[in-house]
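Work through the exercises below with the sequence and the structure at hand. Try each task before reading its solution.

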Amino acid sequence: MNTKNMKINYRIILSFVLALSVLSCSEDDLDINALTDFAPGILEITPGDGNKVVKGDFDIVARFVDGTVSPLAEGTLKLMDIDGNEIASVSQTLNGTADSVMLAASDFNAAELELGMYQLEATATDVKGQITTYSGTFEISS
């Protein structure tokens, strides 16, 4: 058999194998829900890790996102001093695929906090119990 005929035969065999592979895979074999079922995400945290805020009134906000298969269920924010002592926290029920939690300045007397470094933790949980956490620090400066 010459080289040209072998190339043609390989192409035919390869085409047949590819066609067989595509036809043998039905939509039932592909679990779309599993491909879109992921843990919640944290879209934004304010103040962000390593950021500085000016001493005074400032709110702490976490914006969470998730997929439609397992939407958001609960969010938590914790403000702590640099040694890990809790200053304030808030937990609330979340809904849908995008929601936020806010720790208002009045909830932790933001204007009364000393200059220095602080820790911030955020947690999001979805309806399937999948959890995402964030831990960062920020500085209150003059």
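The exercises concern a predicted model and deal with a sheet, a serine and a group of aromatic rings.

**Exercise 1. The sheet**

Task: Find the order of the strands in the open sheet of three strands, and state which strands are at the edges.

Solution:
- Step 1. The order of the strands is β1-β3-β6, and the pairing is antiparallel.
- Step 2. An edge strand pairs on one side only, and this holds for β1 (41-46) and β6 (98-103).
- Step 3. On average, neighbouring strands of this sheet are turned by 15° against each other, with direction ignored.
- Step 4. Now take one pairing in detail: five bridges join β1 to β3 (residues 60-65) in the antiparallel sense. Threonine 46 has valine 61 in β3 as its bridge partner.

**Exercise 2. The surroundings of serine 91**

Task: Decide whether serine 91 is buried, partly exposed or exposed, and list what serine 91 touches.

Solution:
- Step 1. Locate the residue: serine 91 belongs to strand β5 (residues 86-93).
- Step 2. The relative accessible area of serine 91 is 45%. Buried means under 20% and exposed means over 50%, with partly exposed in between. Serine 91 is therefore partly exposed.
- Step 3. Leaving out residues up to four places away in sequence, serine 91 touches Glu74, Gly75 and Thr76.
- Step 4. With threonine 76 there is a polar contact between the two side chains, at 2.9 Å.
- Step 5. Compare sequence and space for another residue: alanine 124 is 33 residues from serine 91 in sequence, and the C-alpha to C-alpha distance is 9.7 Å.

**Exercise 3. The rings around phenylalanine 58**

Task: Classify the ring pairs that phenylalanine 58 forms with phenylalanine 108 and with phenylalanine 138.

Solution:
- Step 1. A pair of aromatic rings is described by two values, the distance of the centres and the angle of the planes.
- Step 2. There are three aromatic pairs in the count. In the pair of phenylalanine 58 and phenylalanine 108, the centres are 5.5 Å apart and the planes stand at 65°, an edge-to-face arrangement.
- Step 3. These two residues are 50 residues apart: phenylalanine 58 is in the loop between β2 (52-54) and β3, and phenylalanine 108 is in the loop between β6 and β7 (116-126). Both are buried.
- Step 4. For phenylalanine 58 and phenylalanine 138, the centres are 6.0 Å apart and the planes are at 80°, so this pair is edge-to-face. Phenylalanine 138 lies in strand β8 (residues 131-141), 80 residues from phenylalanine 58, and phenylalanine 138 is buried.
- Step 5. Put the rings together: ring pairs link Phe58, Phe108, Tyr118 and Phe138 into a cluster.

Methods
Residues are numbered from 1 along each chain as its sequence is written. This is a predicted model: local features need pLDDT of at least 70, side-chain atom pairs count only at pLDDT 80 or more; totals for chains, interfaces and linings use all residues. Side-chain values use heavy atoms; hydrogens and water are left out. Two strands pair if DSSP finds at least two bridges between them. Helices (H or I, at least four residues) and strands (E, at least two) are DSSP runs, numbered from the N terminus. Axes are lines fitted to C-alpha atoms, for helices over the stretch in contact, and angles run from 0 to 180 degrees between N-to-C directions. Buried means under 20% relative accessible area, exposed over 50%, partly exposed in between (1.4 Å probe, protein chains only). Contact means heavy atoms within 4.5 Å. A polar contact is a pair of N or O atoms within 3.5 Å; within protein, one must be able to donate a hydrogen and the other to accept it, and residues adjacent in sequence count only if both atoms are side-chain atoms. Rings of Phe, Tyr and Trp (its six-membered ring) pair if their centres lie within 6.5 Å; planes under 30 degrees apart count as stacked, over 60 as edge-to-face and the rest as tilted.
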